[in-house]
Amino acid sequence: MLTELGDEGVQILAISPDTNERSQELAERLKARYRFLADRDLTVTQRYGLLHARGGDKGQDVPAPATIVLDREGIVRWLTVADNYQVRPDPTDVARAVRAIK
Amino acid sequence: MSKYGPALFSVALSIGAIVGYFSFLRVPFIRNHPPLYVAAFALAAAIAAVATVRAPRWPNLIALALSVALLGLGGYFNFVMARIPLGPPILRVGQPAPDFTLPDAKGTPVTLASFRGRTPVVVVFYRGYW
């Protein structure tokens with residue numbers, strides 16, 4: 001789903017505390033519109049209010065999984081933040097939110 | 001056998017909720033509404049409770065014990081253990097997202113504000129391990 005959105009002129013920025021090797025491979029295979037960014041000290045995660053302290057599998061700080069759709073002015077138009085481990089955003093909801101902007 | 005029908009139904013509902021949740025985990029509606037299984041356990045417990053009040057015999061008691069135990073465990077897991085504690089929300093629909101500059105996989109800095117006037121942006125935060 002996200003690769004299709006990248007093709008449609010939408011920029012995807014995927015942020016996590018690490019850029020691991022798998023992200024690196026994926027980034028090279030995908031077009032430039034899909035970038036994996038590293039937020040090593042979780043500064044940006046905190047700026048977004050998404051810090052889940054000690055939530056990682058080894059007790060490390062991690063971001064709460066979240067998807068935010070911004071329009072061309074940088075305004076938040078749709079967002080989903082997981083408040084429960086079990087939940088993941090529905091890709092069709094994200095795609096619908098993006099298409100509503102364009 | 002039919003006088004223990006409610007007890008059997010209660011047990012079937014409890015087990016069905018567990019099996020159904022894990023079987024249909026790939027279906028977003030099921031996965032994203034885990035309180036559904038808690039609701040199923042609550043319904044199973046209610047049915048077993050009514051049956052037990054009417055006839056406090058061991059099959060009804062077993063059904064009640066099972067459903068109450070699952071309700072307790074499921075409720076605790078879903079509403080306590082699985083919770084992600086976050087501070088006050090910063091992001092709001094209709095507000096600008098905070099700007100940032102972060103390195104991509106090649107080390108090139110990427111600034112969110114650079115996409116203004118160009119394309120919509122989808123920002124995804126994820127844990128980073130698989």
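**A strand of chain B within a sheet of chain A**

In the predicted model, A:Ala14 stands opposite A:Phe36, a residue of β2(A). The two strands β1(A) and β2(A) are paired in the parallel sense, and five bridges connect them. Strand β2(A) is largely enclosed by the rest of the structure, because four of its five residues are buried.

These strands belong to an open sheet of five strands, in which the order is β2(A)-β1(A)-β3(B)-β5(A)-β6(A) and the pairing is mixed. The edges are occupied by β2 and β6 of chain A; each has a single partner strand, so one side of each is left without a neighbour in the sheet. On average, and with direction ignored, neighbouring strands of the sheet are turned by 15° against each other.

Strand β3(B) stands between β1(A) and β5(A) in the strand order. Towards β1(A), the pairing with β3(B) is parallel and comprises five bridges. Within β3(B), B:Val123 is the bridge partner of A:Leu13. Towards β5(A), the pairing of β3, which covers residues 121–125 of chain B, is antiparallel and likewise comprises five bridges. Here A:Ala66 has B:Phe125 of β3(B) as its bridge partner. Helix α4(A) lies across β5 and β6 of chain A together with β3 of chain B, and runs at about 15° to β5(A).

The contact between the two chains involves 62 residues from chain A and 44 residues from chain B. On the side of chain A that touches chain B, two or more residues each are given by β1 (11–16), α2 (21–29), β2 (34–38), α3 (43–47), β4 (62–63), β5 (66–70), β6 (76–81) and α4 (91–101) of chain A. The largest share of this side, six residues, is contributed by β1(A). By residue class, the side of chain A that touches chain B consists of 32 nonpolar, 16 polar and 14 charged residues.

A further point of contact between the chains is found at B:Gln95, in the loop between α4 (58–81) and β1 (101–103) of chain B. When its neighbours within four places in sequence are left aside, B:Gln95 is in contact with A:Ile75 and A:Val76. B:Gln95 has 11 C-beta neighbours inside 10 Å and therefore counts as exposed.

Chain A contains four helices and six strands. Read from the N terminus, the elements of chain A follow the order α-β-α-β-α-β-β-β-β-α. Of the 102 residues in chain A, 35% count as buried. Among contacts in chain A with a separation of 6 or more, 29% are accounted for by residues 24 or more positions apart.

Chain B has four helices and three strands, and from the N terminus on its elements run α-α-α-α-β-β-β. The radius of gyration of chain B is 24 Å, whereas the globule rule gives 14 Å for 130 residues; the value is well over that figure, so chain B is more spread out than a compact globule. The C-alpha trace of chain B spans about 70 × 30 × 25 Å along its principal axes. Buried residues make up 28% of the 130 residues of chain B. Of the contacts in chain B between residues at least 6 apart in sequence, 54% join residues at least 24 apart.

Within the helical part of chain B, helix α1 (residues 5–23) packs with helix α3 (residues 35–54) at an angle of about 170°, and their axes are 8 Å apart. Helices α1(B) and α3(B) are therefore roughly antiparallel to each other. From α1(B), the residues B:Pro6, B:Ala7, B:Phe9, B:Ser10, B:Leu13, B:Ser14, B:Ala17 and B:Tyr21 take part in this contact, and they meet residues of α3(B) including B:Tyr37, B:Phe41, B:Leu43, B:Ile47 and B:Val50. The residues of the contact of α1(B) with α3(B) comprise 15 nonpolar, two polar and no charged.

Note on methods
Residues are numbered from 1 along each chain as its sequence is written. Chains are lettered from A and ligands numbered from 1 in the order in which they are written. This is a predicted model: local features need pLDDT of at least 70, side-chain atom pairs count only at pLDDT 80 or more; totals for chains, interfaces and linings use all residues. Two residues are in contact if their C-beta atoms, placed from the backbone, lie within 7 Å. Ala, Val, Leu, Ile, Met, Phe, Trp, Tyr, Cys and Pro count as nonpolar, Asp, Glu, Lys and Arg as charged, and the others, Gly among them, as polar. Two strands pair if DSSP finds at least two bridges between them. The radius of gyration is taken over C-alpha atoms; the globule rule is 2.2 Å times the number of residues to the power 0.38. A residue is buried if 20 or more other C-beta atoms lie within 10 Å of its own, exposed if 12 or fewer, and partly exposed in between; C-beta atoms are placed from the backbone. Axes are lines fitted to C-alpha atoms, for helices over the stretch in contact, and angles run from 0 to 180 degrees between N-to-C directions. Angles under 35 degrees count as roughly parallel, over 145 as roughly antiparallel, 65 to 115 as roughly perpendicular and the rest as oblique.
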